[in-house]
Amino acid sequence: MLTRNSIKPWYLIHKWTSLICTAFMLLLCLTGLPLIFSGEIDRALGYSMAPPDLPETAGRADLDAIISAAKARRPGDAVQFIVADPGEPNLWFVRMAESVAAAKPSAFYAFDARTGDYLYQYPLDQGIMNVVLRLHVDMFAGLWGTLFLGLMGLLLVASLVSGVVLYGPFMRKLAFGTVRRKQSARLKWLNLHNLLGIVTLVWFLVVGATGVINTLATPIFGQWQSGELAEMVAPYRTMPSLQELGSVQKALDAARTVAPDMSLSFMAFPGNSFAGPRHFVAFMQGNSPLTSKLLKPILIDAQTGMVVETRELPWYVTALLISKPLHFGDYGGLPLKIIWALLDILSIAVLGSGLHLWLKKRNVSIEARLGALPNGSEKQRDSA
Amino acid sequence: MKTSLTGIQIWGMPILLGLVSVSGLIAALLFDGIGDVVSWLALAAPVVTALWYGVLRT
């Protein structure tokens, strides 16, 4: 059992890690709440649309026709990616940009995968949800903003761990879930903080830690691009540059032949940082709940449409891919999203009650605060 | 003066809720259908516990 003196450092760790990260965690929890439902909100705002109902017998449109139609809409731009949405198997998305290697997209088109019809353009960089997303991802401060939020996430993890260490001594004489409402406001807030903190602990830890991993997405993919991807395309470096892009449909068919039990998640076009100078990379996903979150890159010659190499993604990219659903809560239907939102609200209550305890008692010495510990001292008997 | 609780009295519920939460987080990741239902029920447990002790029980 921890003694009063051995608790003190944990108390200080809990206090200071919490104080530094709480304002940012409140921002992340508040902006994260609507983001849980971003798909539903996009649909409600008309930012995205369901594909029209067609008979089951409707075939599949030729991808090359879709690529041509996208290019015709923005003749000066390049196609960077074609993207599939597992939730909308009848849609293809085409991401365009000023050049194939540009960091920012210029348009995001949705096409009917059965008829090839153009359906809608997803609005980029506009609307309230875009503001919410940017606040959540980087606070409008780019990569450094993202990495800063990752650091705040690490402090949250330290705060949660130190909070668990403190939970034991504070609950030494209290049955689980005790909330002493009648004695003092402070005891009530303290008990609520302990209760909500301990019940949301695992979820908050997992969402916090996977959020930290998500903040590392750019360096993680950068490592893969400069390592594995560079190795994959190295043998073709000396070949003449790509004259004309071959058939995208043929490339996709070839990828499907190599990975028959997988489907395309997205395909990067030659010259993009996710592809080679003269190769497509098709990122294939599995068809089970878990493997559908993972990706397998297939390198395809962009002129001949032949598969030249495929390999598994390294562990650090797989860790990132697994972190995404565990952070977003988008892998168990609408009920899971609602529970995710409720747990998020409880986490806001944990942050808020912790902040409240500090604001009310910041003029009181640490010894007096540790006096709330049930250790049988005179002070304790007075208050307990 | 109340006597100290044993370790299991203090940590029993937190550990149980932690294990239930972990199983809920993993279930929907591994299995469709029944896995989704298990995740809803398991992750509802901390929410219901918080509401019961924090709000409803006076």
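**Notebook: strand S7(A), its surroundings and the contact with chain B**

I began with the pairing of S7(A) and found that three bridges join it to strand S8 (residues 307–310) of chain A, the two running antiparallel. The model I am reading is a predicted one.

Entry on the hairpin. I looked at the connection between S7(A) and S8(A), which has five residues between the strands. Within that hairpin I noted Gly305(A), whose phi is positive, near 75°. Across the pair, I found Val307(A) of S8(A) opposite Ile300(A).

Entry on the other neighbour. I then turned to strand S6 (residues 279–285) of chain A, which pairs with S7(A) over seven bridges in the antiparallel sense. Here I recorded Phe280(A) as having Ile300(A) for its bridge partner in S7(A).

Entry on burial. Why is S7(A) described as largely enclosed by the rest of the structure? I counted six buried residues among the seven of the strand (residues 295–301), so the description follows.

Entry on Ile300(A). I listed the contacts of Ile300(A), leaving out residues up to four places away in sequence. They include Ala251(A), Ala254(A) and Ala255(A), together with His279(A), Phe280(A) and Ala282(A). Gly305(A), Met306(A), Val307(A) and Val308(A) complete the list.

Entry on the cores. I looked up the largest nonpolar core, which holds 42 residues. Those that touch the most other members are Val94(A), Ala255(A), Met267(A), Phe280(A), Val281(A), Ala282(A) and Ile300(A). Which element gives this core its largest share? I found it to be strand S2 (residues 88–97) of chain A, with six residues. Apart from this core I noted another, of 36 residues, among them Leu201(A), Trp203(A), Leu336(A) and Ala42(B).

Entry on the contact between chains. I recorded 32 residues from chain A and 29 residues from chain B in the contact. On the side of chain B that touches chain A, helix H1 (7–30) and helix H2 (34–56) of chain B each supply at least two residues. H2(B) gives the most, with 12 residues. By character, I divided this side of chain B into 19 nonpolar, seven polar and three charged residues.

Entry on confidence. I checked chain A and found a mean pLDDT of 92, with 95% of its residues at 70 or more. Residues 376–384 of chain A are below 50, and this stretch has nine contacts in the model beyond near neighbours in sequence. Where pLDDT is low, predicted coordinates should not be read in detail.

Methods:
Residues numbered from 1 in each chain as written. Chains lettered and ligands numbered in written order. Predicted model: local features only at pLDDT ≥ 70, side-chain atom pairs only at ≥ 80, totals over all residues. Contact = placed C-beta atoms within 7 Å. Helix = DSSP H or I, 4+ residues; strand = E, 2+ residues; numbered from the N terminus. Nonpolar A, V, L, I, M, F, W, Y, C, P; charged D, E, K, R; others polar. Buried ≥ 20, exposed ≤ 12 C-beta atoms within 10 Å, placed from the backbone. Pairing = 2+ DSSP bridges. Core = buried A, V, L, I, M, F, W, Y, C linked by C-beta atoms within 7 Å. pLDDT = per-residue confidence, 0-100.
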